[in-house]
Amino acid sequence: MYQSNSQKKPMSHKAKVYWAIGIVVVVLVAALLIWHNFFYGNQNAVAATVGDKEYSTTEVAYYYNTVANNYISQAQAYQQMGMDMGYDTSLSPAEQTYNAEDGTTYADYFLQQALDQLQQVTILCDAAEQEGYTLSDEGKQSVEDNMDALYTYSVQSGAGSEESYLRMVYGRNMTKSLFKDLLTDAILADEYAQVKSDSFTYTDEDLETYYQDNAATLDSYDYRYCYIYADLPQSTTDEEGNTVEPTEEETQAAMDAASAEANAMVAEVRSGTAFNTAAQNHVDEDTAASYEDEEYNHQADALGSSLSSTYQEWLTDDSRRSGDVTSIEMEGSGYCVVQFLGRERKEDSYQTLTYRNIEILAETTHNDEDDTDLPTEEQLSAAQEQAQALLDQWTTGEATADAFGALAQENSADETTRDNGGLNEDANRDSLTAALSDWLFADGRQVGDTTIVEATDTSGNTIGYQILYVEGFGEVRWKYQAANALRSDDYSQWYEEVQANYPAELTEDGKNIPTQQA
């Protein structure tokens, strides 16, 4: 079955922990290759203290390994994409410098991160206990689900048993019961952090006061932009096989040429030429074709805080007037031409809304060449016709939310929402794919609006269609952002005040954990 990528929902507690365990599994072979000379030492010795609590070497090593494996897996993923995080996965953390100024290694960095996480979990679990907050039923189920998954991972690793798997990854004194305790604490801490954050609430007067001080980041902007990249010279190889880097003069000449193109475009726009028409005269042929669409690179509802750093300062300047256009240098790559069209505080632009969906997946055909199962054009067309027929059936019927929900229960392939009538409550625009977000949050969108959009898998392949129905709007966007900013500040202040009562320190045994894994 295909996994639709149409809805990217916030990660649940369960998914977070599965993800953490999954990272360990993904890099298990690499980790064993890097740390195959693991020296276990005294795993029951006190390795760290947080406030009045003591933690063993096994517990601190658990956090260290989690941090290290997470970082290493990211570095490996970057390598597969041809990018470099600056971390050599063939070496141990202790062999690599993290900060040249103070001489710390990656092992030092991982250990400090582990101590910080241990401190955070301790603080949040203690605060939860003091407030009488206990793990929710969902949290308890997450623990059980992950313990069940542990069996699968132990089989896949070839460890022979769950206890053997845990010892192989975290050291010989790690037990299934201790791992469950650590897992439970992590989920409880995560839950309570959200509960504490949600406890900070604000009046409309509070939000208005914050807006007056931060209007530039909370207003919505209407603008167009065009990147004009410099044709930068590349390195060459001389007759002796030596690499010859381009000179500063050659690079500057390329930047000057891009600047001239950008300034010429600015002049055209100022003389009355439409922005996208002018852009076609100053970009490469392939890009010019994109600008034939009048709406290409036109942003009509961009929050100030989300603007690119390239042009954020210029767009948010209080002196901007509709029609202003300029060229801004992008250091080392070219220039960006930007036109300001408008700025306002929108009271009808929303951060969240509630909608229903009916997902119709197309039949598939196996492709022997790349061993994939994807729909043909004919199969996609059939799925689209089915989606349209269902929408027509709803339109000619009662055309209500309940009627749409009934169709979803009978026809939707989306197992996460089907039983609930395709209902997606409080959907956050930042957690949705562009296709969904662009339509659901478009200017002028009304309750009861419907459409059909493509459904895609995690690789971006079209696998069917989704029928969408707007049921209601949630929080106004600028108020949502203002409340989040205030809440973040208040939570941070609370945490810092509590943190002062929980000093975290490593013992000598704790400091030796990284060297034991070199």
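Here are four short exercises, each with a worked solution, on a predicted model.

**Exercise 1. A small sheet and the helix across it**

Work out the order of the strands in the open sheet that contains E1, and find which strands lie at its edges.

*Solution.* Start with the order. Three strands make up this open sheet, arranged E2-E1-E17, and their pairing is antiparallel. Next, look for strands that pair on one side only: these are E2 (53-56) and E17 (504-506), the edge strands. Now zoom in on one pair. E1 (residues 46-50) is joined to E2 by 4 bridges in the antiparallel sense, and Thr49 has Glu54 of E2 as its bridge partner. On average, neighbouring strands here are turned by 20 degrees against each other, if direction is ignored. Finally, add the helix: H3 (residues 57-80) lies across E1, E2 and E17 and runs at about 75 degrees to E2.

**Exercise 2. H3 meets H7**

Decide how H3 is oriented towards H7, and list which residues meet.

*Solution.* Take the geometry to begin with. H3 and H7 (residues 176-198) pack at about 55 degrees, and their axes are 12 Å apart. An angle between 35 and 65 degrees falls in the oblique class, so H3 is oblique to H7. As for handedness, the crossing of H3 with H7 is right-handed. Then go to the side chains. From H3 come Thr58, Glu59, Tyr62 and Tyr63, and they meet Leu178, Phe179 and Leu182 of H7. Sorted by class, this contact holds 5 nonpolar, 1 polar and 1 charged residues.

**Exercise 3. H14 meets H15**

Repeat the analysis for H14 and H15: are they roughly parallel or roughly antiparallel?

*Solution.* The angle comes before the label. H14 (residues 377-395) packs against H15 (residues 401-411) at about 150 degrees, with 10 Å between the axes. Angles over 145 degrees count as roughly antiparallel, and H14 and H15 are therefore roughly antiparallel to each other. Their crossing is right-handed. On the H14 side, Leu390, Gln393 and Trp394 make the contact, while H15 supplies Ala403, Phe404, Leu407 and Asn411. The classes in this contact of H14 with H15 are 5 nonpolar, 2 polar and no charged.

**Exercise 4. Met330 and its surroundings**

Find out whether Met330 is buried or exposed, and trace how the strands around E10 pair.

*Solution.* Locate the residue, which sits in strand E9 (residues 325-330). Its relative accessibility is 10%, and because the cut-off for buried is under 20%, Met330 counts as buried. Then collect its partners. Beyond the neighbours within four places in sequence, Met330 is in contact with Tyr227, Ile228, Tyr229, Met255, Thr310, Tyr335 and Cys336. One of these, Tyr227, is 103 residues away in sequence, yet the C-alpha to C-alpha separation from Met330 is 9.0 Å.

Now follow the strands. E9 pairs with E10 in the antiparallel sense over 6 bridges, and Ile328 stands opposite Cys336 of E10. The hairpin of E9 and E10 has 3 residues between the strands, and there Gly332 adopts a positive phi near 80 degrees. E10 also pairs with E5 (residues 220-229): these two run antiparallel and are joined by 10 bridges, with Asp222 opposite Gly342 in E10. To finish, check how covered E10 (residues 334-344) is: 8 of its 11 residues are buried, so by the cut-off of under 20% relative accessible area this strand is mostly covered.

Note on methods
Residues numbered from 1 in each chain as written. Predicted model: local features only at pLDDT ≥ 70, side-chain atom pairs only at ≥ 80, totals over all residues. Heavy atoms only, no water. Axes fitted to C-alpha atoms, helices over the stretch in contact; angles between N-to-C directions. Parallel < 35°, antiparallel > 145°, perpendicular 65-115°, else oblique. Left-handed = near helix turned anticlockwise from the far one by under 90°. Contact = heavy atoms within 4.5 Å. Nonpolar A, V, L, I, M, F, W, Y, C, P; charged D, E, K, R; others polar. Pairing = 2+ DSSP bridges. Buried < 20%, exposed > 50% of the residue type's maximum accessible area, 1.4 Å probe, protein only.
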